[in-house]
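Let's take a walk through this one together, beginning at the ligand and working outwards. Have the viewer open as you read.

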Amino acid sequence: MNSLINYRCEGPLALIGLASAPVNALGQALREQLLEACERAAADASVKAIILHGEGSVFSAGADISEFGSPASFAKPDLPSLLTRLTELDKPLIAAIGGLALGGGLELAMACGYRVAEAGARMGLPEIKLGLLPGAGGTQRLPRLIGAAAALKYISSGEPIGTHRAQVLGLLDWVAPTADSLLETAKALALALIHRQAPGRPCRPCRPNWPHPTPGTALLPGYFADYRAANQSRWKGQSAPQRVVAAIEAACNLPLAEGLAREGELFKEAEASTESEALRHVFFAEREVGKLPGLDTGTSIRPVNRVAVIGAGTMGGGIAMNFANAGMAVTLLELRADALERGLALIRKNYETSVERGKLTSEQMEQRLALIHGTLDYANIADADLVIEAVFEELAIKQQVFRTLDEECKVGAILASNTSTLDVDAIAAVTRRPQDVVGLHFFSPANVMRLLEVVRGAATAADVLATTLKVAKRIGKIPVVSGVCFGFIGNRMLEPYSREAHRLLLEGATPAQVDNVLTSLGMAMGVFAMHDLAGIDVSFLVRESRREVLAHDPGYCKLADALYALGRFGQKTNRGYYLYEGRERKDDPEVVALAEKIAGELGIQRRVISDQEIHDRCVLMLVNEGIQLLDEGICQRSSDIDLVWINGYGFPVWRGGPMHYAEGLGLEHLLERIGHYREVLGGYGAMWFQPAHLLERLVASGKTGVERL
Ligand code: 3HC
Ligand code: NAI
């Protein structure tokens, strides 16, 4: 077996280095070798103190996530028992934390009697983001070190704790000024401990009010009940936050050994939950995304230092902010001075709001604003490495902009379009360099939303794709590669999902009923609330551009067209599918009456629609389109689709995205239900309820996951 541990002695010190690249995930093999090394040091009479450290830049990112749900997760030595054994050693054990100590990595450090970290190290217990709770003593040892209230705050949010705060709270004994001085600091600490014959574990003051971080104030009775009551609605259907609270409550009420046992039970439940399975799926999906055949570490990357954005409207301004936020200079080009002024003023206003909310200091705001320059002249962007066009959504206008870019920009510049519906190939075709053209579809608000669809045109060069993927990560986006088609991945799937919701209104459902079913599923917003927010006029214009494709369905989104004709554009006019009074949303009987009228004209029989039918029809059409996209090669893998819908459309992350959710429902079940609605919905069913061929092939071959065949 390869050695995952470096063991060496320096005088009375044993140094045990974790060497399991890239992040020292505590998988079974590393656990076994770590235990052996610690026992060796414990048994060696010449060793008086032990230092645990990471060989690379990282201490440990915790348990090996890929082991969860498999026997390897609890294969001996399991992490909780290993850490308990470390707490029994009678020599000082010092964790030297470089880079990061997350999850089981921090639990390992907490099992050591003493902890020193390099300044800038990141520590935390992010298990909740995987639908878990710390399962190797974290929920019991952290409250005992820093108090229950502080522990609850960090464990229930999963947010990292900086070194300064960690030292103030009592999690760290020492902070080394730099990464280079970490080991030296740890050694000096170890020698000092030996010198004063310090015990293996320090005797920390045992206050009767130990659960609370502030001496002299105990947790109020009812603290946990109040905490649950205050957070219940925010947790929606998720169980991990409940388990975290239960475990920390156990830390307050039970002796350590019993608390650890309770934590173990809760962890097993969490590991087996569909919620954690879904969140683990998303973790690996985020690491897979952007890995494409033909692109590897050998693919050359074009340098991107100077960025330009064309159009200072809603999207252009937000896109420019992304680059400024990442410390990159960006030039914003407009057609007219007044539009440029408006755009720059909006950017300032957005930053000012962040300052008011305490998310940014005034100084940071000024630094970011100083990176954004406005211009009306293409000569000022001639040397840009990356240009992103965000002008009006009209092919002719965009093509004209690209002709100009082709004339004005330097050779090798990447020319990107933020189009949400237009053909990227038709835009590329007007240039003499289609290989340099790519789609970069940001989502609104562009400075907030993490999703970025990277649209690969027929001619887009591999290095252009690789460079844009890299730039996307630099500005904190999740880049998902899509081929060229109407709506790319996200909006193309939105279309049948939204169409089905509209049809249900004609058949007898109300906007509120449909939206409630979708928000009960966990969607951030129902489809009609979303259309009201985005603008009914916007989706009308999209339908206008493709009437010929939709002509065979006379009822297609007819209610939406009728609302548009009435000038009910949604929130911007205070009337859409709902009525808006200030921030309050109300049902509107007029919309139901309109639906009844249209249904009558089309001869659609109205009836009571069950919530189950709403769920099935919307979800079936959504995932069927996703499977179709995979079959057409528009997207690379099914988990990419999950990321698009989680990060761009508010699909609940704890359900793992629509494709993962569909796999949970069962592919055979999906196919059967599509067939069922094709039958019962008559002509309409025959028109739209056609299973993707890939779905049929997957079921025929007994597959349970959505993959290319
Ligand atoms: N287990 C398994 N693999 C892991 C891992 C982990 N805990 N953490 C990272 N990796 C893998 C990634 O999958 C990736 O693999 P790949 O190269 O094959 O795609 C590789 O390490 C590098 O990871 P990133 O691409 O994410 O690198 P970054 O530098 O961007 O981020 C990180 C590093 C901050 C450590 C990030 O990977 C991360 O947040 N990891 C998860 C940390 C975490 O959630 N820890 C808790 C685990 S659960 C636990 O400990 C339970 C315990 O209480 C019992
Ligand atoms: P907008 O109307 O707010 O802004 C467009 C800006 O482009 C205006 O300021 C206009 O003056 C400027 N402009 C027009 N022609 C120009 C030219 N030839 N040269 C320089 N500037 C020019 O539009 P918005 O919403 O920002 O949309 C821009 C693009 O982003 C569109 O392609 C749209 O489809 C896409 N998009 C929009 C989203 C949204 O939610 N608004 C989401 C994702 C993509």
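Sort the shell around ligand 1 by class and you get 14 nonpolar, 4 polar and 6 charged residues. Keep in mind that you're looking at a predicted model. Altogether, 24 residues surround ligand 1, where being part of that shell takes a heavy atom within 4 Å. Want to zoom in on the closest ones? Pick out A61, G104, E107, E127 and R287.

Which elements supply at least two residues each to the shell around ligand 1? They are β5 (100-102), α3 (104-111) and α11 (274-288). Of the shell, α11 gives the largest share, with 3 residues.

Now for the polar contacts. E107, already on the list of closest residues, puts a polar side-chain atom 2.7 Å from an oxygen atom of ligand 1. The backbone joins in too: a backbone N or O atom of A63 sits 2.9 Å from a nitrogen atom of ligand 1, and a polar backbone atom of I65 is likewise 2.9 Å from a nitrogen atom of the ligand. How much of ligand 1 does the protein cover? On its own the ligand has 990 Å² of accessible area, and the protein covers 69% of that.

Finally, zoom out to the whole chain. The domain assignment splits it into domain 1 (5-271), domain 2 (307-482) and domain 3 (490-700). Measuring between centres over C-alpha atoms, domain 1 and domain 2 are 43 Å apart.

How values were computed: Residues are numbered from 1 along each chain as its sequence is written. Chains are lettered from A and ligands numbered from 1 in the order in which they are written. This is a predicted model: local features need pLDDT of at least 70, side-chain atom pairs count only at pLDDT 80 or more; totals for chains, interfaces and linings use all residues. Side-chain values use heavy atoms; hydrogens and water are left out. Domain bounds come from an automatic or database domain assignment. A polar contact is a pair of N or O atoms within 3.5 Å; within protein, one must be able to donate a hydrogen and the other to accept it, and residues adjacent in sequence count only if both atoms are side-chain atoms. Accessible areas come from the Shrake-Rupley method with a 1.4 Å probe; for residues, only the protein chains shown count as cover. Helices (H or I, at least four residues) and strands (E, at least two) are DSSP runs, numbered from the N terminus. Ala, Val, Leu, Ile, Met, Phe, Trp, Tyr, Cys and Pro count as nonpolar, Asp, Glu, Lys and Arg as charged, and the others, Gly among them, as polar.
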